[in-house]
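Trainee: Could you take me through the pockets of this one, with a close look at the lining of the second largest? I'd like to know what sits around it and how that lining splits by class.

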Amino acid sequence: MTKPSRILVPATTANLGPGFDCLGMALSLYNEIEVIPLAAAPDSTEIVEIEGEGASELPCDDRNMIVYGMHRVFARAGVTPPPFTLKTVNHIPMMSGLGSSSAAIVGGIVAGNELIGNVFTRDDLLTLATEMEGHPDNVGPALLGGLIVAVATASLPIITQVDVPPLQMVIVTPDLRVATDEARRILPSMLSRHDAIYNIGRAALVVQALSQGDFDLLGRAMDDRLHQPYRKHLIKGYDDVVSAAKAAGASAVAISGSGPTLIAFAPDRHKAIAHEMRQAFAVHEIHSRTWVLEVDRLGARRV
Ligand code: HSE
């Protein structure tokens, strides 16, 4: 690659209620990465120019997750890293449960692959991204788009993309930060058989409901006993915001990824639901941002 190229990577919502670490969907909110190949190594170690979300916090050198992902690709290909710089424009809020770190990993491996002439297939990239992230439910949809059912294995993740009709979803991101590590540490390591059955059935029903656009079924099935009962305590006002969403017409509400973002599903009234959820957080003195988003069907791509 000799000319700059631009890559879009979507936000993702993982878990979708009962599908902990296995279900995820790509959303129409993007980070943009421009990869600029150079003829010689740049003078500075600061090789990433960042605009938007995280601009004042993210590292601009090779500690940057995108750069790290690129170097993992070069190492896997056994090539000397070619010189480059990056410009990124981030729209995905950080540490919010919308897959910003997966977007960086996926953006990095797609950019790295692009820079060395696309020697790796999407399957190769998925394996690499899953190794880096530890679970495929964010990196899968970030790379492939759509609704993804994915199970990590010792080698290639078992992954399938499920067709979904056009859907709009309300995304509400409170001004709270939840570190995924902490949100995983608080989860119990054992689950009763009763609760396992509760989740297995519902995860299957959620996939069916989303694929059919069946909001009634989604409303009955989108519940969880594996992570949400523990994580909701990290989200001030959670119960009131969920109640407000349902009173305003939402069929189902889930914690997006490890939170604190909440995602509400509804056939209509999306703006009104977003407004009511924002107001309910405000009562708890929590400012929040809202989006009405669609399913991204393409995943990370060159544009
Ligand atoms: N499945 C992951 C979790 C998504 O809920 O911890 C966040 O990376």
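Mentor: Let's fix the classes before anything else: Ala, Val, Leu, Ile, Met, Phe, Trp, Tyr, Cys and Pro count as nonpolar, Asp, Glu, Lys and Arg as charged, and the others, Gly among them, as polar. Bear in mind that this is a predicted model.

Now to your pocket. The second largest one comes out at a volume of about 200 Å³. Its lining is made up of Met222, Asp223, Asp224, Gln228, Pro229, Lys232, Tyr238, Asp239, Val242, Ser243, Lys246 and Val253. Two elements give two or more residues each to that lining, namely helix 8 (228-231) and helix 9 (238-247). Helix 9 has the largest share, with 5 residues. Sorted by class, you get 5 nonpolar, 2 polar and 5 charged residues. Asp223, Asp224 and Lys232 are among the lining residues, and Asp and Lys count as charged.

For context, here's the largest pocket. Its volume is about 740 Å³, and 41 residues line it, with Met95, Gly99, Ser100, Ser101 and Thr180 lying nearest its centre. By class, that lining divides into 17 nonpolar, 16 polar and 8 charged residues. Domain 1 (5-163) and domain 2 (168-294) each contribute at least three residues to it. The elements supplying at least two residues each include strand 2 (23-37), helix 1 (65-77) and helix 5 (180-185), while the largest share, 4 residues, belongs to helix 2.

How values were computed: Residues numbered from 1 in each chain as written. Predicted model: local features only at pLDDT ≥ 70, side-chain atom pairs only at ≥ 80, totals over all residues. Heavy atoms only, no water. 1 Å grid on protein atoms, 1.4 Å probe; cavity = no way out; pocket = protein on both sides within 12 Å on 5 of 7 lines; lining within 4 Å. Points joined across faces, edges and corners; volume = space filled by probe spheres on them. Domains from an automatic or database assignment.
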